[in-house]
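Biologist: Thanks for sitting down with me over this one. Could we go through the model together, a question at a time?

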Amino acid sequence: MVKAGIIVELCHPVPVAAHLANRPMLAMIMAIGNSNLWFSQSVPNLRKLTMLKAAVFSLNGDQGPHIATLTDAGFELTFKSKESDLWNEDHLISEMEGVSAVIAGSEPYTRRVIENCPDLRIIARSGVGFDAVDLEACNDKGILVTTTPGVNHHSVAEHTISLLMGIARDFPKQDQHVREGNWLRRAFPRVMGTTLGIVGLGRIGQAVATRACGLGMNVVAYDPFANKEFANEWQIELIPLDDLYTRSDYVSLHSPSTPETQHMINKESLKKMKSGAVVINTARGSLIKEDDLIESLRSGHLRGAGLDVYEVEPLPTSSPLLELDNVLLSGHTAGLDIESHNGMFGMCGEIIVALHNGEWPAAECLQNLPGVTDWKW
Ligand SMILES: NC(=O)c1ccc[n+]([C@@H]2O[C@H](COP(=O)([O-])OP(=O)(O)OC[C@H]3O[C@@H](n4cnc5c(N)ncnc54)[C@H](O)[C@@H]3O)[C@@H](O)[C@H]2O)c1
């Protein structure tokens with residue numbers, strides 16, 4: 001059985017079938033089964049004959065449309081082994097041996113990892129956050145980093161609204177009380193008519209905004225690059241960040257993790273918020289200084305918080321957040337509905353195969369190597 005699936009030429013990648021049809025001798029050599037022979041002497045133009053390996057590390061990546069897309073294109077797929085911890089650099093490096101494309105989750109691709117993965121050409125992030133990838137290190141090595149924008153915003157928006165409504169109706173305590181036989185009945189403030197402050201009015205922020213409008217909330221937003229047409233259409237007031245903190249009953253974070261947004265929710269910004277305000281974070285844990293948030297939740301200044309992302313993930317079982325009954329927690333699952341799963345993985349598979357065929361993906365999917373026109377697999 002022929003083990004190799006793709007022949008990599010120096011400049012022009014060509015599927016193995018095309019070569020085999022014209023080169024019976026080559027087919028015979030391949031049938032011997034050695035997938036890492038060098039043919040530069042016997043077959044001019046061909047440098048390396050190898051099966052291309054694509055690793056799928058993103059959560060639940062053993063299912064989805066990418067499996068057929070990649071295997072049909074001749075890729076051998078590898079998945080994380082049970083014993084390895086992808087947050088450990090050495091484990092990740094070892095899992096990446098021989099891998100040229102990876103469908104990545106939020107495991108960290110540090111400079112050391114990048115420099116120790118000599119075959120790597122593409123990091124296709126299933127999702128939109130790519131803060132776990134050292135882009136400069138990728139630029140230095142000519143490794144492309146892509147994301148899958150426009151696929152999971154509805155999922156994150158539904159999750160955000162669930163956390164918001166859950167805190168609004170005091171579900172963490174209510175659920176616990178009923179389980180304990182504690183039949184406490186008391187009134188809560190209505191959500192309709194309250195103000196939601198959205199930080200980051202991008203794809204997810206907008207999807208949250210339209211849903212919040214449907215709930216009868218007043219929506220205000222802060223975004224240095226806001227889409228004004230959208231804001232006008234939905235009557236969303238664009239306001240400075242400090243005003244958003246002081247005016248909002250609910251503050252929901254939807255901006256990326258950047259040096260500018262790092263710890264934007266801290267002692268000072270929390271102090272500006274109304275007493276009884278609620279913070280929702282389905283963006284990135286780095287946006288919130290968790291110790292300050294915890295202090296504010298403990299003091300009762302904040303009524304509650306709904307969190308999907310944390311400074312350290314997975315959230316350590318020693319986290320004081322776990323002791324609070326005014327928080328609703330989920331484990332970085334906001335973007336994970338089935339439709340998003342299929343959309344994200346399908347897009348990753350297509351991007352990898354397209355790049356291998358010499359086709360450049362849509363600009364919005366590319367996150368590094370700006371202006372590069374001579375990238376080769
Ligand atoms: N919890 C999850 O499972 C999950 C899933 C998907 C995305 N996310 C997070 O959600 C974030 C938003 O995703 P998106 O698809 O809406 O991205 P997006 O790029 O469409 O929108 C981000 C918006 O933030 C704005 N922004 C940039 N800097 C800002 C700042 N300093 N203050 C306020 N706004 C700022 C941008 O102008 C943009 O409009 C992602 O960066 C990602 O970290 C989380």
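Biologist: Happy to start with packing: at about what angle to strand 14 does helix 7 run?

Modeller: First, a word on the source: this is a predicted model, where local features need pLDDT of at least 70, side-chain atom pairs count only at pLDDT 80 or more, and totals for chains, interfaces and linings use all residues. Residues are numbered from 1 along each chain as its sequence is written. Helix 7 lies across strand 12, strand 13 (277-281), strand 14 and strand 15, where contact means C-beta atoms, placed from the backbone, within 7 Å, and helices (H or I, at least four residues) and strands (E, at least two) are DSSP runs numbered from the N terminus. With axes as lines fitted to C-alpha atoms, for helices over the stretch in contact, and angles from 0 to 180 degrees between N-to-C directions, helix 7 runs to strand 14 at about 150°.

Biologist: And what angle does the direction of helix 13 make with that of strand 14?

Modeller: Helix 13 (residues 290-299) packs on the sheet too, touching strand 13, strand 14 and strand 15. Its direction makes with that of strand 14 an angle of about 135°.

Biologist: Which strands stand at the edges of that sheet?

Modeller: The sheet is open, with 7 strands in the order 11-10-9-12-13-14-15 and parallel pairing; two strands pair if DSSP finds at least two bridges between them. Each edge strand has a single partner, so one side of each is left without a neighbour in the sheet. Those are strand 11 (237-238) and strand 15.

Biologist: What is the bridge partner of leucine 196 in strand 12?

Modeller: Strand 9 (residues 195-199) runs parallel to strand 12, and 4 bridges join them. In strand 12, leucine 196 has as its bridge partner tyrosine 250.

Biologist: On to the sheet of 5 strands: by how much are its neighbouring strands turned against each other on average?

Modeller: This open sheet has the order 5-4-6-7-8, with parallel pairing. Strand 5 (76-79) and strand 8 (144-146) are at its edges, each with a single partner strand, so one side of each has no neighbour in the sheet. Direction ignored, the average turn between neighbouring strands is 20°.

Biologist: Which residue of strand 8 stands opposite isoleucine 123?

Modeller: Strand 7 (residues 122-125) pairs with strand 8 in the parallel sense over 3 bridges. Opposite isoleucine 123 stands valine 145.

Biologist: Now the ligand: between which domains does the shell around it lie?

Modeller: The ligand is surrounded by 32 residues, the closest being Gly129, Gly200, Gly202, Ile204 and Gly335; a residue counts as near if its C-beta atom, placed from the backbone, lies within 6 Å. Two domains, with bounds from an automatic or database domain assignment, both give residues to the shell, so it lies between them. They are domain 2 (53-150 + 339-365) and domain 3 (153-329).

Biologist: Which helix gives the largest share of that shell?

Modeller: Helix 7 (153-168) and helix 9 (203-214) each supply at least two residues of the shell. The largest share is 3 residues, and it comes from helix 9.

Biologist: One backbone oddity to finish: is histidine 263, with its positive phi, buried or partly exposed?

Modeller: Phi of histidine 263 is near 55°, positive in a residue other than glycine, and the residue lies in the loop between strand 12 (250-253) and helix 12 (267-272). A residue is buried with 20 or more other C-beta atoms, placed from the backbone, within 10 Å of its own, exposed with 12 or fewer, and partly exposed in between. Histidine 263 has 15 such atoms within 10 Å, so it is partly exposed.

Definitions and conventions: Contact = placed C-beta atoms within 7 Å.
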